[in-house]
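Reader: I have just opened this structure and would love a guided tour. Could you take me through it step by step?

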Amino acid sequence: GQDAGPAPYDLLLGSLISCTMITLRMYAKHKDIELGDFQVEAEFFANKEGQEWIERRLSFDITHDSALQQKILEICAKTPVTKTLLRSLEIRTSLI
């Protein structure tokens with residue numbers, strides 16, 4: 001202990017982020033699509049009413065057309081960790 005390791009929700013978000021990145025890279029390689037360099041960030045939120053959700057943000061160093069942006073969002077919704085988490089909470093994904 002001694003508060004030296006990551007918090008449980010940090011590990012949860014790390015799993016979501018890494019799964020998202022791996023899945024997008026695999027998809028891009030399979031389809032021969034250039035995504036460029038990109039980052040994925042995620043934050044966990046909870047309110048007084050007991051609602052919980054995650055906000056996931058993706059940023060790319062190159063601009064993609066709207067069709068590819070939509071496909072990226074669809075792929076994000078289908079990652080294994082995303083599908084598991086969606087059973088119990090909402091994940092809001094945006095491209096920034």
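Reader: Thanks! Let me start with one residue: does I54 count as buried or exposed, and at what relative accessibility?

Author: Happy to help, and please keep in mind that this is a predicted model. I54 is found in strand β2. A residue is called buried when its relative accessible area is under 20%. I54 counts as buried because its relative accessibility is 0%.

Reader: Which residues does I54 touch, not counting residues up to four places away in sequence?

Author: Contact here means heavy atoms within 4.5 Å. Some partners of I54 belong to the buried residues of α1, namely L13 and L16. The full list for I54 is L13, L16, A42, E43, F44, L85, L89, E90, I91 and R92.

Reader: How is the chain built, read along the sequence?

Author: The chain has three helices and three strands. Its C-alpha atoms fill a box of roughly 45 × 30 × 20 Å, taken along the principal axes. Along the sequence, the pattern is α-β-β-α-α-β.

Reader: How far apart are the end C-alpha atoms of helix α1, and what span should its residues give?

Author: Helix α1 covers residues 8-31, which makes 24 residues. At 1.5 Å a residue, the helix should span 34 Å. The end C-alpha atoms agree with that, being apart by 35 Å.

Reader: Which elements do the buried residues of α1 pack against?

Author: The buried residues of this helix are L13, L16, I17, C19, T20, M21, T23, L24, Y27 and A28. An α-helix has 3.6 residues a turn, so residues three or four places apart point the same way. The buried residues of α1 pack against β1 (38-46), β2 (52-60), α2 (66-77), α3 (80-85) and β3 (90-95).

Reader: Which residues is L16 in contact with, leaving aside its neighbours within four places in sequence?

Author: L16 has its place in helix α1, and its relative accessible area of 0% makes it buried. It is not in contact range of every residue, of course: the C-alpha atoms of L16 and E49 are 24 Å apart in space, with their places 33 residues apart in sequence. The contacts of L16 are A42, I54, R56, V81, T82, L85 and I91.

Reader: What is the phi of D32?

Author: D32 follows α1 and has its place in the loop between α1 and β1. At 71% relative accessibility, D32 counts as exposed. Most residues other than glycine have a negative phi. D32 has a positive value, near 55 degrees.

Reader: How many disulfides are there?

Author: A disulfide needs a pair of cysteine sulfur atoms within 2.5 Å. By this rule the count is zero. For C19, the nearest cysteine sulfur is that of C76, 9.8 Å away, and for C76 it is that of C19. That leaves the number of disulfides at zero.

Reader: Are C19 and C76 buried or exposed?

Author: The cut-off for buried is under 20% relative accessible area. C19 has a value of 12%, while C76 has 0%. Both C19 and C76 are therefore buried.

Reader: Where does E52 lie, and which residues is E52 in contact with beyond its neighbours within four places in sequence?

Author: E52 lies in strand β2, and at 36% relative accessibility E52 counts as partly exposed. The C-alpha atoms of E52 and S94 are separated by 17 Å, 42 residues apart along the chain. The contacts of E52 are Y9, F44, F45, A46, L89 and E90.

Reader: What distance separates the C-alpha atoms of Q70 and L95?

Author: Q70 is found in helix α2 and is partly exposed, with a relative accessible area of 44%. Along the chain, Q70 and L95 are 25 residues apart. Their C-alpha atoms are separated by 9.6 Å.

Reader: To finish, what share of the residues of the chain counts as buried?

Author: The chain exposes about 6,500 Å², with carbon and sulfur atoms supplying 51% of it. Among contacts between residues at least 6 apart in sequence, 57% join residues at least 24 apart. Of the 96 residues, the share that counts as buried is 31%.

Note on methods:
Residues are numbered from 1 along each chain as its sequence is written. This is a predicted model: local features need pLDDT of at least 70, side-chain atom pairs count only at pLDDT 80 or more; totals for chains, interfaces and linings use all residues. Side-chain values use heavy atoms; hydrogens and water are left out. Helices (H or I, at least four residues) and strands (E, at least two) are DSSP runs, numbered from the N terminus. The expected span of a helix is 1.5 Å times one less than its number of residues. Buried means under 20% relative accessible area, exposed over 50%, partly exposed in between (1.4 Å probe, protein chains only). Accessible areas come from the Shrake-Rupley method with a 1.4 Å probe; for residues, only the protein chains shown count as cover.
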